[in-house]
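Colleague: I'd like to learn how to read a model like this one, feature by feature. Could you walk me through it?

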Amino acid sequence: MKQPDPHSATGDLPPFLAACRLQPAAHTPVWIMRQAGRYLPEYRALRERHSFLEMMRTPELATEVTLQPVRRFPLDAAILFADIMTPLDGLGLGLDFAPGPVLERPVRSRADVEALRWRPAEEAVPHVLETVRALAGELPERTPLIGFAGAPWTLFCYLVEGRGSKSFITAKAFLHAEPEASRQLLELLADLTIDYARAQVGAGARALMLFDSWAGLLGPDDYRRFALPAVRRILEALSSSGVPRIYFPNQGATLLEDVAGLPVEVVGIDWRLPLSRARRVLGPQIGVQGNLDPAALFAPEAALREAIDQVLEEAGSGPGHVFNLGHGIERETDPAKVALLIDHVHARTARRTLREVPA
Ligand code: 1CP
């Protein structure tokens with residue numbers, strides 16, 4: 001397992017890791033949720049010849065797709081090309097993508113929960129760890145690899161619903177009809193995720209992100225009863241991993257008081273909540289990641305620059321901001337706008353946090 005970075009005392013950390021540690025960085029680091037994907041012509045070209053599952057399961061292809069955006073843009077981090085459902089491939093529920101996750105045999109009863117057995121990542125998804133090892137060898141030192149997993153509640157949504165949904169009403173109904181079996185399933189998903197995340201760090205991931213895309217479907221009481229304990233257990237278990245932990249409770253503005261109590265370095269904020277307000281709730285010990293509305297990338301250049309400046313202004317001049325979109329990039333986005341975004345953030349924030357140069 002990786003030790004904490006020996007350069008942390010010298011200010012020589014890559015900007016992404018420095019920001020995650022709330023240390024001054026040479027510039028505000030940028031990466032983009034879903035940065036490897038269909039808005040890139042080189043992704044679409046590969047995707048014409050291979051299914052999404054095939055791309056994820058083949059280390060050469062998954063490595064290539066992870067590197068595509070990093071070659072094209074001066075991004076400050078890479079994110080493993082996989083899906084939140086990938087580690088659940090080993091549960092034998094008949095996982096496919098069309099294009100979102102679809103399960104042949106969703107979990108619909110207490111008996112279904114009790115029948116579930118998970119295997120360690122090294123056995124169930126060795127190809128993912130092989131991809132992480134390949135990437136750790138190929139990526140430049142200044143471009144750390146982010147490993148990731150789905151948070152238990154978000155995985156629960158797909159496992160019980162069996163596919164994507166706006167309301168995930170089957171999954172939410174199961175929480176209320178079978179609270180004990182639900183808790184048991186969330187616990188199992190936490191155990192599996194701890195193993196999967198540790199394995200990614202062991203293979204060379206230098207940060208870990210937990211995607212709780214459907215956190216905002218729960219009111220604060222249900223979030224506290226069901227989703228939060230499983231997230232807390234994962235984050236606590238990963239405290240010894242030596243890498244920064246990022247938690248993204250999507251549409252979680254009303255949950256942030258609870259999130260503020262988690263053992264986490266950075267919280268991802270969706271585009272609905274200004275970063276200054278998130279910072280006030282989270283306090284000075286937690287960094288923020290986000291949160292440009294992905295729709296801003298469709299604005300004319302001048303308006304896009306203004307929207308970026310607005311996010312930087314909201315983030316404030318202190319350390320602990322990782323620039324990102326407030327959710328995944330849209331497929332119709334022009335890659336030239338992504339280049340503009342990254343250059344603009346880098347130019348506007350260059351050394352500002354180190355020497356307080358006036359803008
Ligand atoms: O057909 C294709 O080309 C596949 C489309 C696709 C891609 C490119 C899917 C199916 N997943 C991915 C990759 C992916 N998914 C990454 C790779 C790294 C990156 O570049 O960011 C990551 C981190 C994810 C995470 C993911 N998958 C989340 C959490 C983030 C979020 O957007 O909230 C969720 C909810 C999923 C489920 C999923 N997988 C794929 C789709 C289209 C979806 C969403 C389905 C739905 O809306 O319910």
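Modeller: Happily. Let's start with burial, and keep in mind that this is a predicted model. Ser-182 has 0% relative accessibility, so it counts as buried, the cut-off being under 20%.

Colleague: Where does Ser-182 lie, and which residues does it touch?

Modeller: Ser-182 is part of helix H10, residues 179-203. Setting aside residues up to four places away in sequence, Ser-182 touches Phe-156, Phe-174, Leu-175 and Phe-226.

Colleague: Two of those names make me curious about helix H9. How do I read a helix pair, and at what angle do the axes of H9 and H10 cross?

Modeller: For a helix pair, look at the axes, then at the residues that meet. The axes of H9 (residues 169-177) and H10 cross at roughly 115° and come within 5 Å. On the H9 side, Phe-174, Leu-175, His-176 and Ala-177 take part, and they meet Pro-179, Ala-181 and Ser-182 of H10. By class, the residues of this contact are five nonpolar, two polar and no charged.

Colleague: Let me try another pair. How far apart are the axes of H14 and H15, and at what angle do these helices pack?

Modeller: Helix H14 covers residues 301-315 and helix H15 covers residues 335-349; their axes are 10 Å apart, and the packing angle is about 45°. That angle makes H14 oblique to H15. The crossing of H14 past H15 is right-handed.

Colleague: Which residues of H14 and H15 meet?

Modeller: H14 brings Glu-301, Leu-304, Arg-305, Ile-308, Asp-309 and Leu-312. H15 answers with Lys-337, Leu-340, Leu-341, His-344, Val-345, Arg-348 and Thr-349. Sorted by class, the contact of H14 with H15 has six nonpolar, two polar and five charged residues.

Colleague: What about the loop ahead of H14? Is Leu-297 buried or exposed?

Modeller: Loop residues deserve the same check as helix residues. Leu-297 sits in the loop between strand E8 (287-292) and H14, and its relative accessible area is 2%, so Leu-297 is buried. Beyond its neighbours within four places in sequence, Leu-297 is in contact with Leu-304, Leu-325, Ile-329, Thr-333, Lys-337, Val-338 and Leu-341. Leu-304 belongs to H14, while Lys-337 and Leu-341 belong to H15, and these three also appear where the two helices meet. For a sense of distance, the C-alpha atoms of Leu-297 and Ala-307 are 9.3 Å apart, with the residues 10 apart in sequence.

Colleague: Now a polar side chain. Is Thr-66 buried or exposed, and which backbone oxygen lies 2.7 Å from a polar atom of its side chain?

Modeller: With a polar side chain, check its accessibility, then look for a partner. Thr-66, in helix H4 (residues 59-72), is buried, at 0% relative accessible area. The backbone oxygen in question is that of Ala-62. Leaving out residues up to four places away in sequence, Thr-66 touches Ala-78, Ile-79, Leu-80, Phe-81, Leu-135 and Leu-145.

Colleague: And a charged one: how does Arg-57 look?

Modeller: Arg-57 is partly exposed, its relative accessible area being 38%. Its place is in helix H3, residues 52-57. Apart from neighbours within four places in sequence, Arg-57 is in contact with Asp-89 and His-127. The side chains of Arg-57 and Asp-89 are joined by a polar contact of 2.9 Å.

Colleague: Let's finish with the backbone. What should I look for?

Modeller: Look for departures from the usual pattern: most residues other than glycine have a negative phi, and most peptide bonds are trans.

Colleague: Which peptide bonds are cis here?

Modeller: One cis peptide bond joins Ala-98 and Pro-99, with omega about -15°. Pro-99 lies in the loop between strand E2 (95-97) and strand E3 (101-103). Another cis peptide bond joins Gly-290 and Asn-291, with omega about -10°, and Asn-291 is found in strand E8.

Colleague: And where is phi positive in a residue other than glycine?

Modeller: Leu-22 is one case, with phi near 60°. Leu-22 lies in the loop between helix H1 (15-20) and helix H2 (41-49), and is partly exposed at 23% relative accessibility. Gln-251 is another, with phi near 55°. Gln-251 lies in the loop between strand E6 (245-249) and helix H12 (256-259), and is partly exposed with a relative accessible area of 40%.

Notes
Residues numbered from 1 in each chain as written. Predicted model: local features only at pLDDT ≥ 70, side-chain atom pairs only at ≥ 80, totals over all residues. Heavy atoms only, no water. Axes fitted to C-alpha atoms, helices over the stretch in contact; angles between N-to-C directions. Helix = DSSP H or I, 4+ residues; strand = E, 2+ residues; numbered from the N terminus. Parallel < 35°, antiparallel > 145°, perpendicular 65-115°, else oblique. Left-handed = near helix turned anticlockwise from the far one by under 90°. Contact = heavy atoms within 4.5 Å. Nonpolar A, V, L, I, M, F, W, Y, C, P; charged D, E, K, R; others polar. Buried < 20%, exposed > 50% of the residue type's maximum accessible area, 1.4 Å probe, protein only. Polar contact = N/O pair within 3.5 Å; in protein donor to acceptor, adjacent residues only side chain to side chain.
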